[in-house]
Amino acid sequence: MTEPSHTSPLGALAYDAAPESASIAHLAPSYGLFLDGQFTPAGSHAQFASLNPATEETLATVALASASDVDRAVVSARRAYERVWSKTTGAERAKYLFRIARLIQERSRELAVVETLDNGKPIRESRDVDVPLAAAHFFYYAGWADKLEHSGFGPHPRPLGVAGQIIPWNFPLLMAAWKLAPALAAGNTCVLKPAETTPLSALVLAEIFQQAGLPDGVVNIVTGDGTTGAALVDHPGVDKIAFTGSTAVGRMIQERVAGSAKRLTLELGGKGANIVFEDAPIDEVIEGIVDGIFFNQGHVCCAGSRLLVQESVADEVLRRLLRRVDQLRVGDPMDKNTDVGAINSAAQLERIRELAAWGEREGATRYTSACALPDKGYWFAPTVFADVAQSHRIARDEIFGPVLSVLTFRTPDEAVAKANNSKYGLACGVWSEKGSRTLWVAQRLRAGVIWANTYNKFDPTSPFGGVRESGFGREGGRQGLEAYLDV
Ligand code: NAP
Ligand code: MG
């Protein structure tokens, strides 16, 4: 793009375009499945295209794995488990994981570009968040691999065997790292199923596994669609299913796994409450609200999508927030100045539009950022709904897009009651100068993750996961090992 892809109310202070080059991506025109250490075509030779959602252009075609391909992957993972990985000492496993982490760092620019092209997220985020955190997860779990006896899960914690791992499209590389790093550290072998719209960074990761000399079959990657995921869930040779995605699919998986010996962890949707008390520093609060909902186009399970603001400061917070939202730079994800990139798919864009239309229909007041949107690609301007009631769909359903619902409260009790009035329980934020108030509120919130005076902060040492319809099990930290150990 030569033209800046947005108009800015800053006028003369608008940024010039600063595009990252796509040339470092080195994408192949087509990719096979990653089975037993090699790229191989699907049995049926079926392929599907992965698009760049910012341009609607095809980036590469990718093999569509059938149930028999999934079987090949599971057989390969089982063989690698029995012959190699279960006999590899923790210290040796750690060496591979450290090597993978370093290779992710070495190829970080390439991975960031691939991720942004395939997913639509701003290059600033893939470069500064997704890729460094993916490396950090491998580094962190490499450190645990030779210390499992000291991890608090008994003297000889054993791996489960073959892990089937299904991940979504919002953080493709990072979710692969969240799944693979603890599983491998604990001594399991893996079959990973990336999301249909974002398979490419996982395939670059497969090249990294080859480069690292990871023994064949320890990680297998089956690209495909929902039927591929379902085949993995149903395969009798899988000992554990780890799933991140929608509550609807998570529920279906739970039913299918019920009655089998398979272990299961589910990381599902959310409707995070970001609670702002009147004593909080408003400038920081505004940035926190923006990070909470517009980071990654709001395609974040723990997004702060429900803003609960104390009535006494609600007008001021809303006024300042809208001014800030108008300044967000929306457009070319490859531009280093872009704040909000493309919506990941036409289907997701449709879902966001439909839910936003419900907001208007049910009587909330809609504010839409004044940004100009590119002609090609999938775009949704940052949107804030005020005058939202708890009964509105936009206060209850996960929109998974750049849409914020603003509600108000008067007392801490009311804030807690409203925050907890959700079928979900993944994450919340609390903004206050008073530590005692923050703790009082945090103790009463029903959510797996609670941020104080910040939002959307992730660290491999810190466990992440939900309660209620947000799922169960934890990823990250010492707790993240438990999901892959027989304890
Ligand atoms: P999804 O259908 O749950 O997809 C998640 C993963 O599961 C993808 O790899 C998907 O494959 C796979 N999958 C689909 N059907 C399956 C089945 N029957 N058995 C096993 N695996 C299956 O989520 P989505 O359709 O991409 O997004 C829908 C909504 O889910 C979003 O609007 C959002 O609310 C929520 N979501 C939450 C998260 C999260 O991090 N918690 C992430 C993504 C989406 P394909 O991609 O090939 O279909
Ligand atoms: Mg794509």
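## A tour starting from Asp387

Begin by selecting Asp387, which sits in the loop between E15 and helix H12 (393–396). This is a predicted model, so please read every stop on the tour in that light. At Asp387, phi is near 55°, a positive value in a residue other than glycine. Most residues other than glycine have a negative phi. Is Asp387 buried or partly exposed? Asp387 has 15 C-beta neighbours inside 10 Å, so it counts as partly exposed; a residue would need 20 or more to be buried.

**A second positive phi**

Now jump to Asp36, in the loop between strand E2 (33–35) and E3. Here too you will find a positive phi, about 55°, although Asp36 is not a glycine. Asp36 has 18 other C-beta atoms within 10 Å and is therefore partly exposed.

Move along to Gln38, which belongs to strand E3 (residues 38–40). Gln38 counts as partly exposed because it has 13 C-beta neighbours inside 10 Å. Add Asp216 to your selection and draw a distance between the two C-alpha atoms: Gln38 and Asp216 are 178 residues apart along the chain, yet the separation is 7.8 Å.

**Zoom out to the whole protein**

Switch to a cartoon view for a moment. You should find 15 helices and 20 strands. The radius of gyration is 22 Å, close to the 23 Å that the globule rule gives for 487 residues, so the protein is as compact as a globular protein of that length. Along the principal axes, the C-alpha atoms fill a box of roughly 65 × 50 × 35 Å. Of the 487 residues, 55% are buried. Among contacts with a separation of 6 or more, 73% are between residues 24 or more positions apart.

**The shell around ligand 1**

Next, select ligand 1 and show the residues around it. How many residues surround ligand 1? There are 26, and the closest are Gly226, Gly229, Gly245, Ser246 and Cys301. Colour this shell by residue type and you get 13 nonpolar, seven polar and six charged residues.

Which helices each supply at least two residues of the shell? Highlight helix H7 (226–234) and helix H8 (247–257), which both do so. H7 gives the most to the shell, with four residues.

**Along helix H10**

From the ligand, go to helix H10, residues 311–326. H10 has 16 residues and reaches 23 Å from its first C-alpha to its last, close to the 22 Å expected at 1.5 Å a residue. Turn the view until you can look at the helix side-on, and centre on Val317: H10 bends by about 25° there.

Val317 is also one of the buried residues of H10, together with Leu321 and Val325. What covers the buried residues of this helix? Show strand E12 (273–276), helix H9 (282–294), strand E13 (306–310) and strand E15 (383–386), which are among the elements that do. You have met E15 before: the loop that holds Asp387 runs between E15 and H12.

**Pro122 and its contacts**

Select Pro122, in the loop between helix H3 (108–119) and helix H4 (123–145). Pro122 has 29 C-beta neighbours inside 10 Å, so this residue counts as buried. Leaving aside residues up to four places away in sequence, Pro122 touches Thr116, Pro333, Thr338, Asp339 and Gly341. For a longer distance line, add Ile282: the C-alpha atoms of Pro122 and Ile282 are separated by 26 Å, and the two residues are 160 residues apart along the chain.

**Arg99 in helix H2**

Now pick Arg99, which is found in helix H2 (residues 90–106). Arg99 is partly exposed, with 18 other C-beta atoms within 10 Å. Draw one more line, from the C-alpha of Arg99 to that of His137: they are 38 residues apart along the chain and separated by 12 Å.

**Last stop: Gly477**

Finish at Gly477, placed in the loop between strand E19 (471–472) and helix H15 (479–482). Gly477 counts as partly exposed because it has 18 C-beta neighbours inside 10 Å. Which residues does Gly477 touch, not counting those up to four places away in sequence? Display Thr461, Ser462 and Pro463 to see them. For a final distance, select Gly359: it lies 118 residues from Gly477 along the chain, and their C-alpha atoms are separated by 38 Å.

Note on methods:
Residues numbered from 1 in each chain as written. Chains lettered and ligands numbered in written order. Predicted model: local features only at pLDDT ≥ 70, side-chain atom pairs only at ≥ 80, totals over all residues. Near = placed C-beta within 6 Å. Nonpolar A, V, L, I, M, F, W, Y, C, P; charged D, E, K, R; others polar. Expected span 1.5 Å × (residues − 1). Bend = angle between axes of the 7 residues up to and from the residue. Buried ≥ 20, exposed ≤ 12 C-beta atoms within 10 Å, placed from the backbone. Contact = placed C-beta atoms within 7 Å. Rg over C-alpha atoms; globule rule 2.2 N^0.38 Å.
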